[in-house]
Amino acid sequence: MRWMLRSKIHRATVTQTRLDYEGSITIDIDLVERSGLWVGEKVTIADVDNGSRFETYILAGERGSGIIAINGAAAHLCSEGDKVIIMGYELVDAPIKAKVLLVDGENKVSRELEYRCSLSIPTEGPEGTRENPPTPSSSPRTGR
């Protein structure tokens with residue numbers, strides 16, 4: 001069994017940091033549902049602007065609000081306006097497809113991707129997917 005990426009919201013903008021709040025991340029329920037994440041699910045958050053990375057759980061935010069609020073102690077790790085990557089994982093015994101939402105500065109979905117994970121490095125594929133490249137007969141770096 002392996003932990004595999006199942007859902008990702010890529011480069012969401014932090015709209016609020018709320019130190020005096022139960023610990024969690026509040027996410028617009030539209031994004032939660034569309035990404036395949038669940039309220040209460042454990043997620044990893046990576047802050048693109050400062051490099052912090054932490055785990056928390058999801059609370060539902062107002063539908064259509066675009067809210068991405070970092071709550072509780074984690075509010076020390078992010079600032080309003082920071083870009084974050086929100087990742088959910090699944091423990092599986094075979095490769096899975098991951099749903100990825102790319103969002104704009106107002107946390108509205110601008111593009112949807114699917115990552116097809118397997119034993120080699122995923123690359124950009126057709127129709128908004130990322131999939132494994134064909135195995136080359138020679139290495140482009142060494143020519144061997």
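T44 sits in strand β4, which covers residues 42-47. In this predicted model, T44 has a relative accessible area of 9%. Buried means under 20%, so T44 is counted as buried. Leaving aside residues up to four places away in sequence, T44 touches R53, F54 and E55. The list of its contacts also includes I85, I86, M87 and Y89. The partners thus carry numbers in the fifties and in the eighties.

The chain around T44 can be described next. The protein chain has one helix and eleven strands. Read from the N terminus, the order of elements is β-β-β-α-β-β-β-β-β-β-β-β. In that order the helix follows three strands, and strand β4, the one that holds T44, comes directly after the helix.

Some totals describe the chain as a whole. The protein chain has 144 residues, and 42% of them count as buried; T44, at a relative accessible area of 9%, is one of the buried residues. Among contacts with a separation of 6 or more, 68% join residues 24 or more positions apart. The contacts of T44 with I85, I86, M87 and Y89 are examples of pairs with such a separation. The exposed surface of the protein chain comes to about 8300 Å², and 51% of this area is supplied by carbon and sulfur atoms.

Two residues stand out by their backbone angles. Most residues other than glycine have a negative phi. R11 is not a glycine, yet its phi is positive, at about 60 degrees. N107 is likewise not a glycine and has a positive phi of about 60 degrees. What are the settings of R11 and N107? R11 belongs to strand β1, residues 2-13, whereas N107 lies in the loop that runs between β8 (97-103) and β9 (109-116). As for accessibility, R11 has a relative accessible area of 37% and is therefore partly exposed, since that class lies between the limits of 20% and 50%. N107 has a relative accessibility of 2% and so counts as buried.

The aromatic side chains come last. How many aromatic pairs does the structure hold? The number is zero. A ring does take part in another kind of arrangement: R18 lies over the face of Y21, at 4.4 Å from the ring centre. For a charge to sit over a ring, the CZ of Arg has to be within 6 Å of the ring centre, and the distance of 4.4 Å for R18 and Y21 meets that limit.

How values were computed: Residues numbered from 1 in each chain as written. Predicted model: local features only at pLDDT ≥ 70, side-chain atom pairs only at ≥ 80, totals over all residues. Heavy atoms only, no water. Helix = DSSP H or I, 4+ residues; strand = E, 2+ residues; numbered from the N terminus. Buried < 20%, exposed > 50% of the residue type's maximum accessible area, 1.4 Å probe, protein only. Contact = heavy atoms within 4.5 Å. Phe/Tyr/Trp six-rings, centres within 6.5 Å; stacked < 30°, edge-to-face > 60°. Lys NZ or Arg CZ within 6 Å of the ring centre and 35° of its normal. Areas by Shrake-Rupley, 256 points an atom, 1.4 Å probe, with all protein chains shown as cover.
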